[in-house]
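Reader: I would be grateful for a close examination of one part of this model, namely the arrangement of its aromatic rings and the strands that carry them. Please treat it as one connected account.

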Amino acid sequence: ATSFPNTTLKVLRENNTPIDSNITSLRFYLWNNGKASIRSENILKPLTFSIDDPNGEILDYKILKVSRPDIVLPNLKRDDNSPAKSLLLNFNILEANDGFTGQIIFAGNPSSNLQASGAIEGVREIQTNIALIQGQFWKDLGKIALIIVAVLLIAVVFIVLVIKAEEIKDKGLNNKSASRSEKLKYYVAHAFYLMFIIFAICWTIWLFVFLPIKGAKEMSSQSVMESVPLSIKP
């Protein structure tokens, strides 16, 4: 969404009433990811696309590209039950990798998601990008196994350093003949050991937890986009 606070630019609805909220353009892809064909008569419950913002309003919508326009024959129209927030989809047939790209322009929260609902014979669920990303996430997380192994090795080093620091501490405290300078060196060394261990633990948590999760999320999002058939990409 883009705002222009210092201009006189106005966006109007078809009835010429102004739109005061953010306006967002959302692109979505729908295709048959299975091997069996899906015909219009296989739709058991109407297929609906909805904006999850309760105050959102669909301003415009259109189909950008179809894999086989004369075969698929997709049709988007407003849902009579909720014309401001929902669209109904129908089509002739979707064979393997058949589908289309659509665009929705809506007013409301720019972070709103597009939800799909309905029932198709032989299809357990209509998978959205959120579900696909979650499914791909764990696969991609496994690809970062080398980082996890490295972190485990570093953790072992940390443990060794902790044990070493404790040995130095015990030796310094039990050595009554140690001079003041030697004890000072011990306390300084122990402080550095402690600081290093705290830093290492924080770095390990970042490397072991946050970095793999972030990397897996980015990889899964990219993988889902790469799975979109080229025939429906604009």
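**The aromatic rings and their strands**

Author: The structure, which is a predicted model, holds 2 aromatic pairs. In one of them, the ring centres of Phe 28 and Phe 49 are 5.0 Å apart and the planes meet at 40°; the pair is therefore tilted, since an angle that is neither under 30 degrees nor over 60 falls into that class. This pair links distant parts of the chain, with Phe 28 in strand β1 and Phe 49 in strand β3 (residues 43-51), 21 residues apart.

In the other pair, Phe 28 meets Phe 100: the centres are 6.0 Å apart and the planes stand at 80°, so this pair is edge-to-face. Here too distant parts of the chain are linked, as Phe 28 belongs to strand β1 and Phe 100 to strand β8, with their positions 72 residues apart in the numbering. Taken together, the ring pairs join Phe 28, Phe 49 and Phe 100 into a cluster.

How accessible are the members of this cluster? Because the limit for a buried residue is a relative accessible area under 20%, Phe 28 at 7% is buried. Phe 49, with a relative accessibility of 6%, also counts as buried, and so does Phe 100 at 1%. For context, buried residues make up 29% of the 234 residues in the protein chain.

The strands that carry these rings may now be considered in turn. Strands β1 and β8 (residues 99-107) run antiparallel and are joined by 9 bridges. Within this pairing, Phe 28 has Gly 102 of β8 as its bridge partner. Both strands belong to an open sheet of 3 strands, in the order β1-β8-β4, with antiparallel pairing. At the edges stand β1 (23-31) and β4 (57-66); each has a single partner strand, so one side of each is left without a neighbour in the sheet. From one strand to the next, the twist averages 20°.

Phe 49 lies in β3, and that strand has partners of its own. It is joined to strand β9 (residues 114-120) by 6 bridges, the two running antiparallel; in this pairing Ile 43 is opposite Ile 120 of β9. Strand β3 also pairs in the antiparallel sense with strand β6 (residues 86-90), over 4 bridges, where Leu 47 is found opposite Leu 89 of β6.

It remains to place these strands within the chain. The protein chain contains 4 helices and 9 strands, and the elements follow one another from the N terminus as β-β-β-β-α-β-β-β-β-β-α-α-α. Of the contacts between residues at least 6 apart in sequence, 78% join residues at least 24 apart. As for the surface, the protein chain exposes about 15,600 Å², of which carbon and sulfur atoms supply 58%.

To return to the rings, Phe 28 takes part in the tilted pair with Phe 49 and in the edge-to-face pair with Phe 100.

Key
Residues are numbered from 1 along each chain as its sequence is written. This is a predicted model: local features need pLDDT of at least 70, side-chain atom pairs count only at pLDDT 80 or more; totals for chains, interfaces and linings use all residues. Side-chain values use heavy atoms; hydrogens and water are left out. Buried means under 20% relative accessible area, exposed over 50%, partly exposed in between (1.4 Å probe, protein chains only). Contact means heavy atoms within 4.5 Å. Accessible areas come from the Shrake-Rupley method with a 1.4 Å probe; for residues, only the protein chains shown count as cover. Two strands pair if DSSP finds at least two bridges between them. Axes are lines fitted to C-alpha atoms, for helices over the stretch in contact, and angles run from 0 to 180 degrees between N-to-C directions. Rings of Phe, Tyr and Trp (its six-membered ring) pair if their centres lie within 6.5 Å; planes under 30 degrees apart count as stacked, over 60 as edge-to-face and the rest as tilted.
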